Amino acid sequence: MTSTTSSSPQAVSAAAPAPQSTASSAASTSASMLPSIPDILYGTAWKDTRTTTLVFTAITAGFRGIDTAGQRKHYREELVGQALHQLEEAGVARREEVWLQTKFTSKDGQDLSGPVPYDPRWPVRKQIRHSAFASLRNLHVSDRWDKAELLEAAKQAAGLAQTSGASAANKGKGRSVDYTQSALGRSSANDEGEQHPSGLPDFAKFRPIGAISPDGKTRPWLDSYLLHSPLRSLEETLQAWQEMELLVQEGWVRHIGFSNVYDSRIWNALLQSINIRPLALQNRWHSSSGHDVSLLSTLSPILSPNDSEGHAIHYQPFWTLTGNPALLRSEPVVRAAIAHDWTPAQVVYKFVNQGMGIQGLRCCVLTGTTDEKHMRQAVQVVNNRHGESHLLTVGEVNEIRKQVYGE
Ligand SMILES: NC(=O)c1ccc[n+]([C@@H]2O[C@H](COP(=O)([O-])OP(=O)(O)OC[C@H]3O[C@@H](n4cnc5c(N)ncnc54)[C@H](OP(=O)(O)O)[C@@H]3O)[C@@H](O)[C@H]2O)c1
């Protein structure tokens, strides 16, 4: 694996195509937000001090979505924020044109000897709220963002009472999520009658995403916020999700989702017990978890019409290339690469982009390449919709699917 990108933000900017900004003023903020998650996200894990330059390069190369996390061990969110600021300054893209996805990482996923965006001794709901506000601050650094409201809300969050209870509103009320055999333990998250104890100030409630304050500043938001992995028990996991649902209701977050859920029993228990359907499931795409064969049908509104309410849950595979070297060398992939004049990596990304030939499956390609040429190749193959030659044929998709999933 090589890391060849050396361009500084300034150098890339000079070579960049004309700015594609659609936002002409702060007043048009809401209207210019991306209506849906892009088909490809740029992953920012393991980039450390190169994060700013690489995010700048990726957006300049055509990415309009970023994946990061409030997990200092692997991600540098604040350097993603720096890159976004530089991209606005350079006229390449405004924040409103970039889908920002970040994650809450529980204490088990943090390096507790380094910076953690919350106090690990706090109850999980307070951790989530703190982590989300830290992410909002990290990712919105310029003066045009309403820091006052963010700081006020963070202060309120810091004063949260013990929040170990479940929220009052729970679609799963009365349903038992009996999960005694799993490591998750038994859920008592369907308790009735408890109020969320955060005591948030009125101004922070139900303000629209990206609202403009009286002094012309824009309220920061996250486009998607993922639970990086299930917590130690189903109860704790559901509490975390309920706090994330509140962040949506309060206008800080547009969509929420899960990551690293591999057991279909856990996944189904979660789906049955939540109010807001997840936008995404971000998982390792690897043979060790059967390439998630047991989960994929639940993500498709066509294959799971009764549960989906018509909404697809976007599958976001990682390790797509690194976890599948044999697939990249396989006959169907190599044959398609020759036929389309693509690299094997482009073929696999296109296969993912076309929903792996699984009815109704919507996928987001995730790539963390550090090579500008690879960035452009990935964006080009995913975003190009002109003509059938830019799609894998049904036969090619079926052959690649068989290679991964068998008959
Ligand atoms: N939720 C989680 O727990 C979790 C875990 C892991 C990752 N992620 C997310 O997923 C993102 C992607 O991570 P990943 O593990 O899939 O690996 P990755 O960072 O995308 O790395 C892919 C590897 O493939 C190479 N590569 C990428 N695009 C290529 C192309 N078009 N042609 C040839 N080679 C290419 C890269 O080398 P070059 O740099 O030389 O191109 C790199 O060595 C991360 O940044 C992170 O955002 C999430």
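Two strands count as paired when DSSP finds at least two bridges between them. Keep that in mind as you work through this predicted model.

**Exercise 1. Get your bearings: how many helices and strands are in the protein, and what share of its residues is buried?**

Step 1. Go through the secondary structure and you'll get 14 helices and eight strands.

Step 2. Now look at burial: 47% of the 407 residues are buried.

Step 3. Finally, check how far contacts reach along the chain. Take the contacts between residues at least 6 apart in sequence, and 77% of them join residues at least 24 apart.

**Exercise 2. Work out in what order the eight strands form the sheet, and which strands stand at the edges.**

Step 1. Walk across the open sheet and read off the order: β7-β6-β5-β4-β3-β2-β1-β8. The pairing is parallel.

Step 2. Look at the two ends of that order. β7 and β8 (365–367) each have a single partner strand, so one side of each has no neighbour in the sheet.

Step 3. Check the twist as well: ignoring direction, neighbouring strands are turned by 25° against each other on average.

Step 4. Try one pair from this sheet. Strand β3 (residues 99–104) runs parallel to strand β4 (residues 222–227), and four bridges join them. One residue match to find is Gln101 with its bridge partner Ser224 in β4.

**Exercise 3. Follow β6: which strands does it pair with, and over how many bridges?**

Step 1. Start with strand β5 (residues 253–259), which pairs with β6 in the parallel sense over two bridges. Here Phe258 has Leu281 of β6 as its bridge partner.

Step 2. Trace how the chain gets from β5 to β6. The path goes through helix α7 (residues 264–272), and this β-α-β crossover is right-handed.

Step 3. Move to strand β7 (residues 314–318), which runs parallel to β6 and is joined to it by five bridges. Gln282 has Gln316 of β7 as its bridge partner, and Arg284 is matched with Phe318 of β7.

Step 4. Add burial to the picture. Strand β6 (residues 280–284) is mostly covered, with four of its five residues buried.

**Exercise 4. Is β7 enclosed or open? Check both of its faces.**

Step 1. Count the buried residues: five of the five, so β7 is largely enclosed by the rest of the structure.

Step 2. Sort them by face. His314, Gln316 and Phe318 lie on one side, Tyr315 and Pro317 on the other, and all are buried.

**Exercise 5. Find out what the buried residues of helix α12 pack against.**

Step 1. See how much of helix α12 (residues 344–353) is covered: eight of the ten residues are buried, so the helix is largely enclosed by the rest of the structure. Among them are Tyr349, Phe351 and Val352.

Step 2. List the partners of those buried residues: β7, α10 (325–329), α11, β8, α13 (372–383) and α14.

Step 3. Look just past the helix. α12 is followed by Gly355, which has a positive phi, near 75°.

**Exercise 6. Compare two residues: are Glu243 and Gln354 buried or partly exposed?**

Step 1. Glu243 sits in helix α6 (residues 234–249). It has 27 C-beta neighbours inside 10 Å, and 20 or more makes a residue buried.

Step 2. Gln354 lies in the loop between α12 and β8. With 18 such neighbours inside 10 Å, Gln354 counts as partly exposed.

Step 3. Check who they touch, leaving out residues up to four places away in sequence. For Glu243 that gives Arg125, Ile128 and Arg129; for Gln354 it gives Leu391, Leu392 and Val397.

Step 4. Compare sequence with space. Glu243 and Val124 are 119 residues apart in sequence, yet 8.8 Å apart C-alpha to C-alpha. Gln354 and Leu391 are 37 residues apart, with 8.0 Å between their C-alpha atoms.

**Exercise 7. At what angle do α11 and α14 pack, and which residues make the contact?**

Step 1. Helix α11 (residues 331–340) and helix α14 (residues 394–405) pack at about 150°, with axes 8 Å apart.

Step 2. Angles over 145 degrees count as roughly antiparallel, and α11 and α14 are therefore roughly antiparallel to each other.

Step 3. The crossing of α11 past α14 is left-handed. Pro332, Val333 and Ala336 of α11 meet Glu396, Glu399, Ile400 and Gln403 of α14.

Conventions
Residues numbered from 1 in each chain as written. Predicted model: local features only at pLDDT ≥ 70, side-chain atom pairs only at ≥ 80, totals over all residues. Buried ≥ 20, exposed ≤ 12 C-beta atoms within 10 Å, placed from the backbone. Right-handed = clockwise from strand over helix to strand, strands pointing away. Axes fitted to C-alpha atoms, helices over the stretch in contact; angles between N-to-C directions. Parallel < 35°, antiparallel > 145°, perpendicular 65-115°, else oblique. Left-handed = near helix turned anticlockwise from the far one by under 90°. Contact = placed C-beta atoms within 7 Å.
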